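Trainee: I'd like a close look at a single part of this model. Pick a residue, start there, and take me along to whatever is worth seeing next.

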Amino acid sequence: YPNGFAVGRDSVFNEFRLVGNGTNDVAEARAFSMRYFMQSGTQQLEDEAFEMESKMIELINDDFSFSVLDVHVYTFRSLDDELAAAIGNDTYLFSIAFTVMICFASLSLGKPGSKHYGRVMVANLDVFVIVFASGAAYGLMLYAGIPFQSLVLVLPFLLIGIGIDNAYVMTAGFDRSDKSLPIEERMYETGFSSGMSITVTTLTNVVALLFGSMTKIQAVKWFCYYAVTSFFLIYVAHLTAFVAILTLDFKRRQAEKADCFVCCSAPKPVEDEKSESDNRTMLQRFFADIYTPLILKPIPSLIIVLVFIASACLNAYLATQITTEFNLQILVGDDSYLLEFFEVATELFGSNDGGRIPTAVYIGNVNYSSYEVQEEIDRLLDEILALPSIDEDLGADDWLTDLRTFANSSGNPAYVFSNDGKYLIGGFSAALQAYLQQPDGVRYEDDIIFDPNDNTTIIYSRIGAQHNLLVTAAEQVDALIETQDVVEESSLNPKPFVASFTYQFYDLNRIIVPETVQGLLFALVAVLIICSVMLVHPLSVFICA
C-alpha cells in the first residue's frame with residue numbers, strides 16, 4: 001500500500017492472477033475485500049463513525065443497484081444492529097407464549113366449561129402475578145446496576161412456565177385439603193403441603209442459578225442474577241397474592257357466582273356422588289384414571305425402564321460428540337443482510353470475517369533504547385512469527401525494526417547503534433520523532449502512545465501480525481493459547497500481552513466447556529444435598545439425579 005502496509009493478497013483477493021513478467025500486480029480476481037478504518041478516541045468521533053457506517057449500510061443494501069458487482073457490507077455496528085433487530089422481530093413470540101399458557105391453564109386449573117368449577121379467572125390473574133413479579137425483579141436488577149443484555153430477553157419464556165407450575169401445585173394442594181374445614185384452615189393446610197413443595201423447587205432453582213452466576217462469562221452471570229431474583233419474587237407472589245386469589249375464587253363458588261363474570265349467578269350443579277367426583281380437573285382425571293393405572297402394569301413398566309436405559313445410553317454417546325463452535329450467523333435473523341455476507345466471505349475467503357485475523361503484541365513502558373529490551377522484543381517477535389497459527393510470510397508491522405532501518409540509512413551521527421550494529425541505543429527519541437514524520441512512518445502513529453506530559457516517553461506500543469486462516473474453534477483456541485504462552489515467557493517488565501477483537505470469542509470457546517461442567521457439578525451437589533434433607537426418601541433423590 002502507499003502508506004507502507006504490506007498487502008496480504010490471499011486475504012484481499014480470491015482466485016487472483018498476477019500480470020506476470022516478474023511483477024506483483026494483480027491482473028484479475030474473482031473477488032476482493034476492502035477495509036476502511038475509522039477514527040476513534042472521543043465520543044464525538046465514535047458517534048460520527050457509527051453514523052457513517054449506518055449510511056454506508058443503507059447505501060449499499062437499499063439505495064444502490066449494482067449491475068456488474070455483487071457487493072456485501074459488514075461494519076462494526078452491523079452485528080449489534082442485526083441482533084437487536086432479530087430480538088425485536090421476535091417480541092410477538094412473548095405474546096403467543098403468554099396466550100398459550102393462559103389458555104392451557106384456563107382449561108386445566110379447573111373444570112373446563114364449568115361456570116361454577118372453572119378457574120379461568122384464576123389462570124389469568126396468575127399470569128398477571130407472574131408478569132408483575134418478573135417486572136419487579138427486572139426493575140430491582142436495573143436499579144442495582146446489573147446490565148440488561150440480550151440473553152435476559154429469553155428469560156420470560158422460562159418464568160411463565162415456572163410461575164404456572166407453582167400455581168398448579170398450590171391449586172392441587174387446595175383441592176386435596178379437607179373440604180369440611182373453614183377456608184382459613186384449608187389455606188393453612190395448602191400452605192403446609194404445597195407451600196413446602198414450591199419452596200423446595202424454588203430453593204433448588206435459586207441455588208443452581210447462584211452457582212451458575214459464579215461463571216467467568218459475564219452474560220451468563222447477569223442472566224443468573226435476573227433469573228434468581230425473578231424466581232424468588234414469583235415464589236413470594238404465589239405464597240401471598242396467589243393464596244388470596246384462590247381464597248377469592250373459593251368465596252365466589254360459595255356465593256354461587258360465575259367464573260370470570262362474578263356479577264352473574266352460577267348455582268352449584270345438582271349431581272350424584274359419581275358426577276361429584278368428576279369435578280376434578282382435566283389433568284387430575286387423566287393422571288388418576290388413565291396414566292397411573294397404565295404405568296403400574298408389568299409390560300408398560302418394563303417398556304419405561306428399557307426406554308430410560310436406551311435414552312441414557314444414547315445421551316451418553318451424544319455427549320461425547322459435543323464440539324465447541326461459535327458462528328456469528330446464529331446471532332442474526334433469517335432475513336439479515338449479514339447472512340449473505342457471512343456465506344460469501346466463508347465461501348471465498350474461508351472465514352466469516354472475510355480474511356485472516358489481525359493480532360498485535362502490546363508492550364508497556366519499558367526502556368526502548370536499551371540493548372536488552374530491543375533484543376527481547378526481537379526475540380519475542382521471532383517466536384510469535386514462528387507459531388503455526390501466524391502467517392510468517394506477511395511478517396509483522398514492526399515499527400521498531402523500521403525505525404532502526406530509517407536511523408541507519410539516515411547517516412545522522414546523533415543516532416548511535418550498538419557495537420554489533422543491531423540496535424539503536426543513542427538518540428532513540430529523536431530518531432523516532434523524525435521517523436514518524438516520514439511517509440513510511442506515519443502509518444505507525446496509532447501504534448505508539450506517548451506520555452502527554454513530555455511526548456517522548458512511550459507508555460504503550462504495539463507490533464502487529466496476522467493469523468493464518470482459523471476455521472474451527474479448536475484452531476482458534478490453540479492460536480489464542482500459543483500466542484499468550486509466548487508473551488508470558490517474556491522477560492520484559494511490565495509483561496507484554498497479545499490482543500485482537502476476535503480473541504473475546506476465542507476465549508469464550510476456551511472456557512465455556514469447563515465453566516459449564518463446573519457450574520453443573522456444583523449445582524447438582526447442592527441440589528442433591530437440599531433435596532436429601534427436605535424430602536422423605538433421600539435415596540430416590542440420587543436415583544432421579
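Mentor: Let's start with Glu185, which sits in helix H7, residues 183-212 (helices are DSSP runs of H or I with at least four residues, numbered from the N terminus). Glu185 is partly exposed, at 43% relative accessible area (under 20% is buried, over 50% exposed, and in between partly exposed, with a 1.4 Å probe and protein chains only). This is a predicted model, where local features need pLDDT of at least 70 and side-chain atom pairs count only at pLDDT 80 or more, while totals for chains, interfaces and linings use all residues. Residues are numbered from 1 along each chain as its sequence is written, and side-chain values use heavy atoms, leaving out hydrogens and water. From Glu185, it is 84 Å between C-alpha atoms to Val442, a residue 257 places away along the chain.

For a contrast in burial, go to Arg404 in helix H14, residues 399-410. Arg404 has a relative accessible area of just 8%, so it counts as buried. Its side chain makes a polar contact with the side chain of Gln374 at 3.0 Å (that's an N or O pair within 3.5 Å; within protein, one atom must be able to donate a hydrogen and the other to accept it, and residues adjacent in sequence count only if both atoms are side-chain atoms). Leaving aside residues up to four places away in sequence, Arg404 also touches others, including Asp378, Phe417 and Tyr423 (touching means heavy atoms within 4.5 Å).

Now the rings. Searching the whole structure turns up 25 aromatic pairs (Phe, Tyr or Trp rings, the six-membered one for Trp, with centres within 6.5 Å; planes under 30 degrees apart are stacked, over 60 edge-to-face, the rest tilted). One of them is Phe232 with Tyr235, a tilted pair at 6.5 Å centre to centre and 40 degrees between planes. Both belong to helix H8, residues 218-254, and lie three residues apart, about one turn of the helix. An α-helix has 3.6 residues a turn, so residues three or four places apart point the same way. Phe232 is partly exposed at 45%, whereas Tyr235, at 15%, is buried.

As for H8 itself, its 37 residues reach 52 Å from first C-alpha to last, close to the expected 54 Å (1.5 Å times one less than the number of residues). H8 also bends by about 40 degrees at His238 (the angle between axes fitted to the seven residues ending there and the seven starting there). After H8 comes Glu256, with a positive phi near 55 degrees.

Methods. Helix = DSSP H or I, 4+ residues; strand = E, 2+ residues; numbered from the N terminus.
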